[in-house]
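These are my notes on a single protein chain, taken in the order in which I looked things up. I began with the aromatic rings and asked which of them pair.

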Amino acid sequence: MSKPIELLAKDLNAQGGVFCPSPQADMKLWNNHPKVYLDVAKTGHAKCPYCGTGYALKAGEHFGGGH
């Protein structure tokens, strides 16, 4: 199992999430899958149901959303 992609709060969109595939995951065109929204802010982490890539807020990062 690979280590999750560490995200900063500024990497999340206004709703507190990211899309996978993501540039942070360094995915190549040949292994892309349909774009899926992952809510990282809710629990501090999320896992893509297509490719299994994990995304997590870096330790000490907090998402304020809507401020």
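Entry 1, aromatic rings. I searched the model, which is predicted, for rings of Phe, Tyr and Trp with centres within 6.5 Å, and the count came to one aromatic pair. The pair consists of Phe19 and Tyr37, whose ring centres lie 5.5 Å apart. Their planes stand at 65 degrees, and since planes over 60 degrees apart count as edge-to-face, I recorded the pair as edge-to-face.

I then asked which elements hold the two rings. Phe19 belongs to strand β2 (residues 17-20) and Tyr37 to strand β3 (residues 36-39), so the pair ties together parts that are 18 residues apart in sequence. I also checked exposure: Phe19 is partly exposed, at a relative accessible area of 36%, and Tyr37 is partly exposed as well, at 35%. One further neighbour went into the notebook: Lys35 lies over the face of Phe19, at 4.9 Å from the ring centre.

Entry 2, the overall fold. I counted five strands and zero helices in the protein, and the pattern read along the sequence is β-β-β-β-β. The radius of gyration is 12 Å, close to the 11 Å that the globule rule gives for 67 residues, so I noted the protein as being as compact as a globular protein of that length. Along the principal axes, the C-alpha atoms fill a box of roughly 40 × 20 × 15 Å.

For the surface I noted an accessible area of about 4,700 Å², with 55% of it belonging to carbon and sulfur atoms. Buried residues make up 31% of the 67 residues. Among contacts with a separation of 6 or more, 44% come from residues 24 or more positions apart.

Entry 3, the nonpolar core. Which residues form the largest nonpolar core? I listed 12 residues: Ile5, Leu7, Leu12, Val18, Cys20, Val36, Leu38, Val40, Ala46, Cys48, Tyr55 and Leu57. The elements that supply two or more residues to this core are β1 (5-7), β2, β3 and β5. I followed one core member, Val36, outward; not counting residues up to four places away in sequence, Val36 touches Val18, Phe19, Cys20, Cys48, Pro49 and Tyr50. Phe19, from the aromatic pair, is thus among the contacts of Val36.

Entry 4, Cys20 and its surroundings. I checked the peptide bonds and found a cis bond joining Cys20 and Pro21, with omega at about 5 degrees. Most peptide bonds are trans. Pro21 is placed in the loop between β2 and β3.

Is His33, in the loop between β2 and β3, buried or exposed? At 14% relative accessibility, below the 20% cut-off, His33 counts as buried. Leaving out residues up to four places away in sequence, His33 touches Cys20, Pro21, Cys48, Tyr50 and Cys51.

Entry 5, Cys51. I located Cys51 in the loop between β4 (45-47) and β5 (54-57), and at 36% relative accessibility it counts as partly exposed. With residues up to four places away in sequence set aside, Cys51 touches Cys20, Met27 and His33. How far apart are the C-alpha atoms of Cys51 and Cys20? I recorded a separation of 8.7 Å for these two residues, which are 31 residues apart along the chain.

Definitions and conventions
Residues are numbered from 1 along each chain as its sequence is written. This is a predicted model: local features need pLDDT of at least 70, side-chain atom pairs count only at pLDDT 80 or more; totals for chains, interfaces and linings use all residues. Side-chain values use heavy atoms; hydrogens and water are left out. Rings of Phe, Tyr and Trp (its six-membered ring) pair if their centres lie within 6.5 Å; planes under 30 degrees apart count as stacked, over 60 as edge-to-face and the rest as tilted. Helices (H or I, at least four residues) and strands (E, at least two) are DSSP runs, numbered from the N terminus. Buried means under 20% relative accessible area, exposed over 50%, partly exposed in between (1.4 Å probe, protein chains only). A charge sits over a ring if NZ of Lys or CZ of Arg is within 6 Å of the ring centre and within 35 degrees of the ring normal. Contact means heavy atoms within 4.5 Å. A nonpolar core is a set of buried Ala, Val, Leu, Ile, Met, Phe, Trp, Tyr and Cys residues joined through side-chain atoms within 4.5 Å. The radius of gyration is taken over C-alpha atoms; the globule rule is 2.2 Å times the number of residues to the power 0.38. Accessible areas come from the Shrake-Rupley method with a 1.4 Å probe; for residues, only the protein chains shown count as cover.
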